[in-house]
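Before this model goes further round the group, here are a few comments to read alongside the coordinates. Please check each point in your own viewer.

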Amino acid sequence: MIIFFKKDIDRKCSIENIKHISGLDFVPFNFDENYIGIHILSDVDEKFIYDSIDGIKDIVYVDKPYKFVSRDFKKEDTIVHIGDVKIGGEYFETIGGPCSFENEDMFMEIAKSLKELGVNIIRGGAFKPRTSPYFFQGIGKYALISMRKITSDLGLKLVSEIVSTEDIEFFNEYVDVFQVGARNMQNFELLKKLGECNKPVLLKRGLSATIEEFLLSAEYIVSKGNINVILCERGIRTFEKSTRNTLDISAVPLVKKLSHLPIIVDPSHASGQFDLVEPLALASVSAGCNGIMVEVHNDPENALSDGHQSIKFKRFDDMNKKIHKIRKSLF
Ligand code: PEP
Ligand code: MN
């Protein structure tokens with residue numbers, strides 16, 4: 001049960017009052033500038049609530065394990081603002097960039113080329129959660145400093161993966177969007193801490209996470225007060241070995257039905273093959289996703305990570321043109 005209140009009384013005082021009067025256990029949520037919501041954790045009937053608490057605007061029942069990310073809680077699509085760039089509802093973005101920042105020259109070349117191709121948000125890994133400890137692990141903090149300088153000079157937004165709660169303060173200064181990778185989808189301490197920031201979080205689906213687990217991970221962030229969550233379907237592990245993962249296209253319309261949060265698709269990690277990126281991107285756009293994130297490299301053959309699934313600029317541009325055509329035919 002979620003109760004909405006008008007915010008015209010001092011929020012802290014009213015919330016304390018509610019707790020004091022009702023003795024209920026709940027999680028508060030800043031719904032918008034006019035209302036706050038509280039999710040009641042205890043079993044209680046509506047009459048008791050109306051009798052004991054003043055100022056109620058509405059009571060909503062969400063019969064899913066996730067509450068604040070549910071469509072039942074919020075009917076309208078959430079639009080995540082990354083500065084002046086928006087994702088969600090009718091707003092769509094194609095995010096591109098290398099798997100990892102390797103050096104200043106390569107990142108500069110990729111960033112400049114993508115900017116010319118109309119990209120607003122660029123990706124680049126600084127801390128890489130690799131399967132083997134002997135694989136390239138990323139350049140670390142220096143990469144973030146360098147990527148921030150290059151992207152700010154070019155007027156691009158930056159998304160990069162954070163792997164540890166210890167780095168939140170540093171990341172907060174250098175990135176526009178925190179990426180939580182598939183391997184950290186259930187790093188609940190990280191999710192809770194990111195929920196206390198108001199910067200957007202791009203949350204990738206875990207390697208073998210169900211949709212319900214995926215949405216519950218988003219709930220960890222949103223229930224702490226940060227509604228700026230972009231979900232990302234990036235393929236799940238199945239018995240099929242010919243692709244790196246299996247892209248779960250059904251996740252797109254299903255998540256849109258179950259949640260108000262935007263969902264984007266990463267066909268690079270889903271397929272693991274550069275020539276499958278475009279068809280999977282187009283299928284995802286047709287399924288209604290709010291954005292695409294792909295790995296783009298100037299020299300994929302010599303990339304330090306994920307070169308085999310990285311596309312070059314020409315292929316990126318062709319894909320983007322087709323995406324625009326599909327979107328035009330859909331809306
Ligand atoms: C990435 O985007 O670089 C990445 C590591 O992806 P995932 O977490 O989906 O494997
Ligand atoms: Mn990668």
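The numbered points below take up the ligand site and then one residue, T94.

1. The model is a predicted one, and the distances and areas quoted in this note should be read with that in mind.

2. Ligand 1 occupies the space that is the largest pocket. The residues around ligand 1 are R123, K128, E161, Q179, G181, A182, R183, K204, R234, H269 and E295, and these are the side chains and backbone stretches to display when inspecting the site.

3. Oxygen atoms of ligand 1 have polar partners in both side chains and backbone. A polar side-chain atom of R123 lies 2.8 Å from an oxygen atom of ligand 1, and an N or O atom in the side chain of K204 is likewise 2.8 Å from a ligand oxygen, whereas A182 contributes a backbone N or O atom, at 2.7 Å from an oxygen atom of the ligand. Of the 290 Å² that ligand 1 exposes when taken alone, the protein buries 97%.

4. Is T94, in strand β7 (residues 93–97), buried or exposed? T94 counts as buried, because its relative accessibility is 8% and the cut-off for buried is under 20%.

5. The surroundings of T94 deserve a look as well. Leaving aside neighbours within four places in sequence, T94 is in contact with V119, I121, I292, F316, M319, N320 and I323. With one of these residues, N320, the side chain of T94 also makes a side-chain to side-chain polar contact of 2.8 Å.

Terms used
Residues are numbered from 1 along each chain as its sequence is written. Chains are lettered from A and ligands numbered from 1 in the order in which they are written. This is a predicted model: local features need pLDDT of at least 70, side-chain atom pairs count only at pLDDT 80 or more; totals for chains, interfaces and linings use all residues. Side-chain values use heavy atoms; hydrogens and water are left out. Buried means under 20% relative accessible area, exposed over 50%, partly exposed in between (1.4 Å probe, protein chains only). A polar contact is a pair of N or O atoms within 3.5 Å; within protein, one must be able to donate a hydrogen and the other to accept it, and residues adjacent in sequence count only if both atoms are side-chain atoms. Contact means heavy atoms within 4.5 Å. A residue is near a molecule or strand if one of its heavy atoms lies within 4 Å of it. Accessible areas come from the Shrake-Rupley method with a 1.4 Å probe; for residues, only the protein chains shown count as cover. On a 1 Å grid over the protein atoms alone, a cavity is a set of points where a 1.4 Å probe fits but cannot get out, and a pocket is an open set with protein on both sides within 12 Å along at least five of seven lines; lining residues have an atom within 4 Å of a point. A molecule sits in a cavity or pocket if more than half of its atoms lie within 2 Å of its grid points.
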